[in-house]
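Hi,

Here is the structure I said I would pass on. Have a look at it first, and then read on for what turned up in it.

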Amino acid sequence: MDNDGTHGAWDTRGAQPPEARPGGSVPRPAGPPPAAPPAYPPTVPPPARPPAGPAHTPGPGSASPTADWFNAPRPEAGPGVWRYGFVPRPDERPPRPSLVGPAATLIIWLLLWLLLSARAVPYVFKPIEIITGPEWWTLGRLREDAPGLVVDSTTLYYEILVLILGFYAARVGGWADVLRYFAGERFERVRLTLSLAAAAVLLWLAWTPKVPLLLVLMGSAQGWLLSGDQFKATVAAYTCYALTTAIVVWPIARAAHWGDALRELRAGRAPGSPRGANGTAPLPADGPPRAHWPGLRAAGSVDAAEALTAAVHAGRMNDVDCVRVRHAWTGARGRPDRLASFTETVLRKGADAFLHPSGRRDVPRRTATHDPLTGQVRIGECADDPRNPYPRRGSGMALEPASLGTSLLAVGPPGSGKTERVVRPVVEALALRALTGQAAVLAVGGAGGGLGPDDAYDVVIRIGDPASLHDFDLYGGTTDPDEAAAVLAEGLAGDIPTLETRRAATALGQLLGPFRTVHGRFPSVPELRELLDGSAAALGALREALEAGGHQAMLRELEARARQAGGGGDPAAALADRVAALDRPAFAGFFATGEDARPFSLRSLGRHPLRVRVDLPERVHAEASRILARLLLAQFNAVTAARTDRSLFVCLVLDDATHTVTPDTVRGIRRLRSLNAGAVLALRTLDDVPEGLHTALLGAFGCAMVFPGLTTWDGKRFAEAWGKEWVEVREVAQHGVFADQPLTRALHSLRKMATGKAVTTDAVTVRRVERERWSASALAYELPHGHAVLSLTTVDGDHMPPLLVRLAG
């Protein structure tokens, strides 16, 4: 068990393995395997391949680009945030404060300081006169024979008054706001530095006669200092020193939050270091370096960890290799019986351990920035627009399986960038995830579309191309006639509003069941057309075979079909017309069901990490392409619902979903999020979907994306789906001023002559109102080129409101 079940051939019919049945069809790579390691993503430049030599663990200074990528932090973030190296945006910078108020309060404070120093403010001396005694005062001034303690107390009193006035002026004038604005992110550090400097200067002044705080305290304790008792004198002196220090330092420390700085020092962070959004602490590292494989070391597989560490640092492993081995280890560590096999495989194969059965280690070419470790693909960044929340502006925008699991609907006209900037990057990301053994992808588009080269897929089905290596199974690989009839009816008649899908499925089942009972297979397209047309020869031969075999139950089914044929509500005629679109010479040899058939069944997606692409002949056979697209969507819903092992994330990407959405498929898409599956559907307009399904369609998809060029009718639907939010509205009303006094009227007249405007006053009203997040007109006319509005919902229920995204590429 050296491959953990990831090597070997796959069965594409949804039945027994190929080696158990003759003629089994095995999907082959669409091109030859690569001769060299594939290209590296934009985030990781390709390291030089080292010469062969003994494996060793490099030193800390010899990390490779792959190791740097593997060890990079990926903090938890909200839906849609590109997590690779993500750093939360700092808090929004407040608006620039006016300097008039701080300057005015500073000038007034300096003027009061000058007046207090000159003792020119009357009645200010009364409190200190009462404290020191009126006998030392004459006409509001100290007598010349006043003792030193009274003089020092008076000096300290006036200096405390100046300090209190300074604090009041700073508070009224908003000096702190000015400092906070110009200091920016360094505000805490600047505040700490200034407070330390102020404390040092004031403490030095307090120990000098200029600010006689210490002298006043010692004068108050003069009795103890001159008592002759050395112990009392020492205690009194140090108490005065301590009180002086506390009186000076404590208010400054409290105002400057020295306690917070001390706690940051204890936590190992520099005081005033930059913080994350909303004042949160900087994001810590993700733990031990992933490139050292700490999980393997903790489990005792030190040899395997050393081998992988050496391979990563030597550049022998790319990002897909790291994630693939990490995923294999995740599956092995939960089962002790598989640990030894895992270790042996890693030691024997190294970077090629648990390789994808196709032999590929990357896609041929990456057109977007990917992070295989998280499964994210970066599609752009959140625009710096007032309609976007400030913390999200400028952050990378990404799609990942957690969001795709709720399905994504992209709507925009041709040329708006749906395929190039969203659909293909998503397909690439899912293909990379398939190479790591965690996903399977089915990409459906027109022939010659932009879904990537052939060698990026394991299976390429070109409907109508004789050179195609694989055929498509119209019946989804099932052996149950009723199940096959239900899925086929959805594809053939799901878009006919006057025809119930249930009745169409009943009519098909009445033919498929008897035919399979007689022939052991389902009918081919020409045979099915004959049966639906009511061909007497075909139905007679089938009836005779059933009678000869004694299949009474199936004979009753066929008789019921014969009785209903030709009735007013018979769906056979409409079904025959749709089957006729597939019974064309261009499709000769396709949709075969005999022993020499080579069909590919979608049931393989539920068991193997396959990369499948289906090319539809949209340009020449538009009707047939729409039928096949509906059939693929119906089969995908049926396959994902029927599988029992849901460890693989399975995703359908439909590049053009025009006329493919039906009520049953909408219900099936709504169930995908609980089945570890998702769908990505691209539409030119919502008018390509029946009007009665618009509301259900937008409700079934957890993620929606709108591109420039949308009509206002479509914009209205999205505006209703995205709902409203509470916003603050500031309304300013101007009212005329009418003066009663002659002088005032004259001044108003003079002002009106100078400015040309009447004298008015502004009445400002601020209220909270409920408004649409994005209006229909904004979606139709205000989206710039290269942008889109994206809303996301994860399978866990987390939401991202609609944001304006500047698309990459």
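Let me begin with helix α5, residues 175-183, where Val 178, Tyr 181 and Ala 183 are buried. Bear in mind throughout that this is a predicted model. The buried residues of α5 pack against two other helices, α2 (100-117) and α6 (187-206). Just after α5 comes Gly 184, with a positive phi near 65°.

On the α6 side, take a look at Val 190, which sits in that helix. Is Val 190 buried, exposed or partly exposed? Its relative accessibility is 27%, so Val 190 counts as partly exposed, the buried class being under 20% and the exposed class over 50%. Leaving out residues up to four places away in sequence, Val 190 touches Leu 179 and Ala 183. That ties in with α5, since Ala 183 is one of the buried residues there. You can also check the spacing to Arg 180: its C-alpha atom and that of Val 190 are separated by 9.0 Å, with the two residues 10 apart along the chain.

Next, the helices further along. Helix α17 (residues 481-493) packs on α18 with the axes 8 Å apart and an angle of about 130°. That makes α17 and α18 oblique to each other, because the angle falls between the perpendicular range, 65 to 115, and the roughly antiparallel one, over 145. Their crossing is right-handed. From α17, the contact takes in Pro 481, Ala 484, Ala 485, Ala 486, Leu 488, Ala 489, Glu 490, Leu 492 and Ala 493. From α18 it takes in Thr 501, Ala 504, Ala 505, Leu 508, Gly 509, Leu 512 and Gly 513. By type, the residues of this contact come out as 12 nonpolar, 3 polar and 1 charged.

Helix α18 (residues 501-519) also meets α20 (residues 536-549), the axes coming within 10 Å and crossing at roughly 60°. This pair is therefore oblique too, but the crossing of α18 and α20 is left-handed. Here α18 brings Leu 511, Pro 514, Phe 515, Thr 517 and Val 518, while α20 brings Leu 539, Leu 542, Ala 545 and Leu 546. What is the split by type in the contact of α18 with α20? There are 8 nonpolar residues, 1 polar and no charged.

Glu 490, from the α17 contact, turns up again around Thr 665. Thr 665 belongs to helix α24, residues 663-671, and is buried, with a relative accessible area of 1%. Its contacts, setting aside neighbours within four places in sequence, are Glu 490, Leu 633, Asn 637 and Thr 660.

Last, the strands. In β14 (residues 703-706), Cys 703 and Met 705 point one way, Ala 704 and Val 706 point the other way, and all are buried. Which strands does β14 pair with? One is β6 (residues 408-411), parallel to β14 over 4 bridges, with Val 411 standing opposite Val 706. Another is β17 (residues 787-793), which runs antiparallel to β14 and is joined to it by 3 bridges. In that pairing, Ala 704 stands opposite Ser 791.

Give me a shout once you've had a look.

Cheers

Methods. Residues numbered from 1 in each chain as written. Predicted model: local features only at pLDDT ≥ 70, side-chain atom pairs only at ≥ 80, totals over all residues. Heavy atoms only, no water. Axes fitted to C-alpha atoms, helices over the stretch in contact; angles between N-to-C directions. Parallel < 35°, antiparallel > 145°, perpendicular 65-115°, else oblique. Left-handed = near helix turned anticlockwise from the far one by under 90°. Contact = heavy atoms within 4.5 Å. Nonpolar A, V, L, I, M, F, W, Y, C, P; charged D, E, K, R; others polar. Buried < 20%, exposed > 50% of the residue type's maximum accessible area, 1.4 Å probe, protein only. Pairing = 2+ DSSP bridges.
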